[in-house]
Amino acid sequence: MTDEPPFGDTTTAPFWEGAERRELLIQHCEACGAHQFYPRPFCLACDAPDPSWTTAAGRGTVYARTTVHIPVDPALEPPYVVGLIELEEGPRLVAALHGDPAIGEPVRLGWREREGAPPLPVFSREEAAD
Ligand code: ZN
């Protein structure tokens with residue numbers, strides 16, 4: 001197909017375009033005000049189609065975390081920590097954690113560069129990120 005976005009699919013392409021600008025985009029429903037992540041073609045709260053996009057503030061707290069001890073990707077050398085981050089806006093997303101923050105600790109967004117692909121969000125302790 002000629003209409004394929006450069007990265008992701010038609011639903012997720014805006015997220016990856018935001019990542020290229022180091023902006024964490026989440027969806028926002030104009031009908032009911034809900035935020036959601038990961039991207040979907042409709043609002044999970046009210047079923048309205050085509051949620052808009054907004055840039056998340058990049059702050060959240062660690063909702064859950066785990067340490068990965070086995071190699072699952074050549075680009076990631078274990079051990080490393082992966083967390084479920086609850087964003088200020090409400091949605092949760094899985095991302096790498098730097099600095100070993102505990103569950104409940106505030107964290108701030110950063111980015112991990114990748115070759116040939118948009119950067120990935122990573123989160124670090126709030127006070128360590130400045
Ligand atoms: Zn909605």
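Helices, numbered from the N terminus, are DSSP runs of at least four residues. In this predicted model, helix H1 spans residues 13-20, and just after H1, Arg22 takes a positive phi of about 60 degrees.

The secondary structure of the chain consists of one helix and eight strands. In sequence order the elements follow the pattern α-β-β-β-β-β-β-β-β. The chain has 130 residues and a radius of gyration of 15 Å, which agrees with the value near 14 Å for a compact globule of that length. Along the principal axes, the C-alpha atoms fill a box of roughly 40 × 35 × 25 Å. Among contacts in the chain with a separation of 6 or more, 48% involve residues 24 or more positions apart.

The accessible surface of the chain amounts to about 7,600 Å², and carbon and sulfur atoms supply 53% of that area. Of the 130 residues, 35% count as buried. Charged side chains comprise 10 positive and 21 negative ones, with the centres of the two sets 6 Å apart.

Helix H1 contributes the buried residues Ala13, Phe15, Trp16, Gly18 and Ala19. An α-helix has 3.6 residues a turn, so residues three or four places apart point the same way. The buried residues of H1 pack against four strands, namely E1 (25-28), E3, E7 and E8.

Ala96 belongs to strand E6 and is partly exposed, at a relative accessible area of 24%. When neighbours within four places in sequence are left aside, the contacts of Ala96 are Val81, Val82, Pro121, Val122 and Phe123. The C-alpha atom of Ala96 is 6.0 Å from that of Gly83, a residue 13 positions away along the chain. Gly90 is placed in the loop between strand E5 (80-87) and E6, where its relative accessibility of 42% makes it partly exposed. Between the C-alpha atoms of Gly90 and Arg108 the separation is 15 Å, the two residues being 18 apart along the chain.

Seven salt bridges are present in the structure. One of them pairs Arg21 with Glu23, with 3.4 Å between the closest N and O atoms. Both partners are partly exposed: Arg21 has a relative accessibility of 48%, and Glu23 has a relative accessible area of 28%.

A further salt bridge joins the side chains of Glu126 and Arg59, with an N to O distance of 3.2 Å. Glu126 lies in the segment after strand E8 (117-125) and Arg59 in strand E4 (residues 59-68), so this pair ties together parts that are 67 residues apart in sequence. The two partners fall into separate accessibility classes: Glu126 is buried, with a relative accessibility of 18%, whereas Arg59 is partly exposed, with a relative accessibility of 31%.

Arg125 and Glu105 also form a salt bridge, their closest N and O atoms being 2.9 Å apart. Arg125 is in strand E8, while Glu105 is in the loop between strand E6 (92-98) and strand E7 (106-114); the pair therefore ties together parts that are 20 residues apart in sequence. Arg125 is partly exposed, at 23% relative accessibility. Shared partners also link salt bridges into one network that joins Arg59, Arg108 and Glu126.

Arg40 presents another arrangement of a charged residue. The residue is found in the loop between strand E2 (35-36) and strand E3 (52-55). Arg40 is buried and yet has no salt bridge. A salt bridge requires a side-chain nitrogen of Lys or Arg within 4 Å of a carboxyl oxygen of Asp or Glu, and the nearest side chain of opposite charge to Arg40, that of Asp47, is 9.6 Å away. Apart from neighbours within four places in sequence, Arg40 is in contact with Thr11, Gln27 and Pro51.

Terms used. Residues are numbered from 1 along each chain as its sequence is written. This is a predicted model: local features need pLDDT of at least 70, side-chain atom pairs count only at pLDDT 80 or more; totals for chains, interfaces and linings use all residues. Side-chain values use heavy atoms; hydrogens and water are left out. Buried means under 20% relative accessible area, exposed over 50%, partly exposed in between (1.4 Å probe, protein chains only). Helices (H or I, at least four residues) and strands (E, at least two) are DSSP runs, numbered from the N terminus. Lys and Arg count as positive and Asp and Glu as negative; His and the chain ends are not counted. Contact means heavy atoms within 4.5 Å. The radius of gyration is taken over C-alpha atoms; the globule rule is 2.2 Å times the number of residues to the power 0.38. Accessible areas come from the Shrake-Rupley method with a 1.4 Å probe; for residues, only the protein chains shown count as cover. The place of a charge is taken as NZ of Lys, CZ of Arg, CG of Asp or CD of Glu.
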